[in-house]
Amino acid sequence: MSIDSPSTSRSAALFERAQQSIPGGVNSPVRAFRAVGGTPRFIARAEGPYMWDADGQKYIDYIGSWGPMILGHGHPAVLEAVLKAAHDGFSFGAPTEREIELAEEIIRHVPSIEQVRLVSSGTEAAMSAIRLARGATGRSKLIKFEGCYHGHADALLVKAGSGLATFGHPTSAGVPPEVVQHTLVLGYNDIEQLEAAFAQHGPELACVMIEPIAGNMNFVRASVPFVKRLRELCSQHGALLVFDEVMTGFRVALGGAQQVYARALPGFRPDISVFGKVIGGGMPLAAFGTSRQIMQQLAPLGPVYQAGTLSGNPVATACGLATLREIAKPGFHEALAATTRSLIDGLSTAAHEAGVPFAADSEGGMFGFFFGSELPQNYPAVLATDKERFNRFFHGMLERGVYLAPALYEAGFVSAAHSPADIAATVQAARGALRAA
Ligand SMILES: *Cc1c(COP(=O)(O)O)cnc(C)c1O
């Protein structure tokens, strides 16, 4: 059986052609299927929980554009808002009322923030949050964690150095070592290392940036004791705690991962929050926010420069606002969490029946699964799970019409459009794929 057995001839031809004009044939590397092999599917259209590729194959979509499509594709209220906004004009380079409405909507659901600035990508939001943290504290150094992704700004493309005393090395060509010399990379969920890093560098640390539930090394939660200690250390040393909620924001709960941690740690708040993905509902839109006092460090009020030609774009804000209004309806996240839970329960049962070691977890509409007997707590543990089996399973599912993330290192996403029948069909596909995997 070839890994591409349903017809992929049109996708294959498009991929061939794309590689002539676009490096690697894609505009974002993971789309090229390099981690799993085979032909990336060129998508022709999508509706609800489904996507159709250029060869007419239908898939149940568990990527949802890597998170934004929390309502499924083409939700009527969102579509209507976008069409109306488009008629009124694509972009003005001047302020609009809808930007205020979206800012107010975000602030209403996230108690830790008093003001937000809208930008166009998660990368931009994370990069700007770091600049703001450095500007507000007058410090240069920052901590990030192995396996967390915060977009591709230079200072954040870093891997751990050889020891705690050394700062990181660039993970990309084109990033000079001097640019990452202030970035310290620590092990996720490693309290001892965190304490040692603060003991050594505390007074120089501008911020600590973390994916509180990491979705860029599959799905790994920061433990509650780790988050608790992180909060204490940041407060003690005057470093700002930055929650990168580009993936988790409005997805794991209406108030994001910070709301999930506040259940275990009453009163818990990060200092700065970064959003993207869901807040744009599929359009290029992201944001960062914190207290009014810190936000007033930004231009035009303060000395920290930040700007964007398309920031707060009228069509994107219409899309984001309509999305947030739908997901703020009572019971939305409870229902989404139950659907997601039913998916991972079904997959776990199927794996158990097939005698395949399997561990899975979810929060709200985000999930992860691993071919291994326990849930990994950090990046090395993710790497130690069975990648070959994951890749076989991925292709087995794709052939059976289920579109999972094409890499072991990515989380999965369920939308409100996924019905019990879609979940049942997915679990049925998994039974077949697991037998072959
Ligand atoms: C997707 C993502 C980013 C980057 O967002 P882009 O819009 O792709 O630039 C940053 N942080 C996290 C946690 C993400 O998941």
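A residue is called buried here when its relative accessible area is under 20%, exposed when that area is over 50%, and partly exposed in between, using a 1.4 Å probe and the protein chains only. By that yardstick E353, at 56% relative accessibility, is exposed. The structure is a predicted model, in which local features need pLDDT of at least 70 and side-chain atom pairs count only at pLDDT 80 or more, while totals for chains, interfaces and linings use all residues. Residues are numbered from 1 along each chain as its sequence is written, and side-chain values use heavy atoms, with hydrogens and water left out.

E353 sits in helix α10, which covers residues 332–354; helices (H or I, at least four residues) and strands (E, at least two) are DSSP runs numbered from the N terminus. E353 and R435 are 82 residues apart in sequence, yet their C-alpha atoms are 9.7 Å apart in space.

Now for the ligand. Counting a residue as near when one of its heavy atoms lies within 4 Å, the surroundings consist of S121, G122, T123, Y149, H150, G151, E211, N216, D244, V246, M247 and K277. Sorted by class, that shell holds three nonpolar, six polar and three charged residues. Here Ala, Val, Leu, Ile, Met, Phe, Trp, Tyr, Cys and Pro go down as nonpolar, Asp, Glu, Lys and Arg as charged, and the others, Gly among them, as polar.

Some of these neighbours make polar contacts, meaning pairs of N or O atoms within 3.5 Å; within protein, one atom must be able to donate a hydrogen and the other to accept it, and residues adjacent in sequence count only if both atoms are side-chain atoms. The side chain of T123 has an N or O atom 2.7 Å from an oxygen of the ligand. A ligand nitrogen is 2.7 Å from an N or O atom in the side chain of D244, and a backbone N or O atom of Y149 is 3.3 Å from a ligand nitrogen. On its own the ligand has 380 Å² of accessible area, and the protein covers 82% of it. Such areas come from the Shrake-Rupley method with a 1.4 Å probe; for residues, only the protein chains shown count as cover.

Two helices of 13 residues invite a look. Helix α1 (residues 9–21) reaches 19 Å from first C-alpha to last, close to the expected 18 Å, where the expected span is 1.5 Å times one less than the number of residues. Its buried residues are S11, L14, F15 and A18. Seen down the axis of α1, they fall within an arc of 105°, so they line one face of the helix; the arc is that of the directions from the helix axis to the C-beta atoms. S9, R17 and Q20 are exposed on the other side of α1. In helix α12 (residues 387–399), ten of the 13 residues are buried, so α12 is largely enclosed by the rest of the structure. Among them are F390, F393 and F394.

The loops have their own quirks. Most residues other than glycine have a negative phi, and most peptide bonds are trans. F33, however, has a positive phi of about 65°, and is buried at 1% relative accessible area. S65 has a phi near 60° and is partly exposed at 40%. The bond from A299 to P300 is cis, with omega near 10°. P300 belongs to the loop between α8 and α9, as does N313, whose side chain reaches the backbone oxygen of F90 at 2.8 Å.
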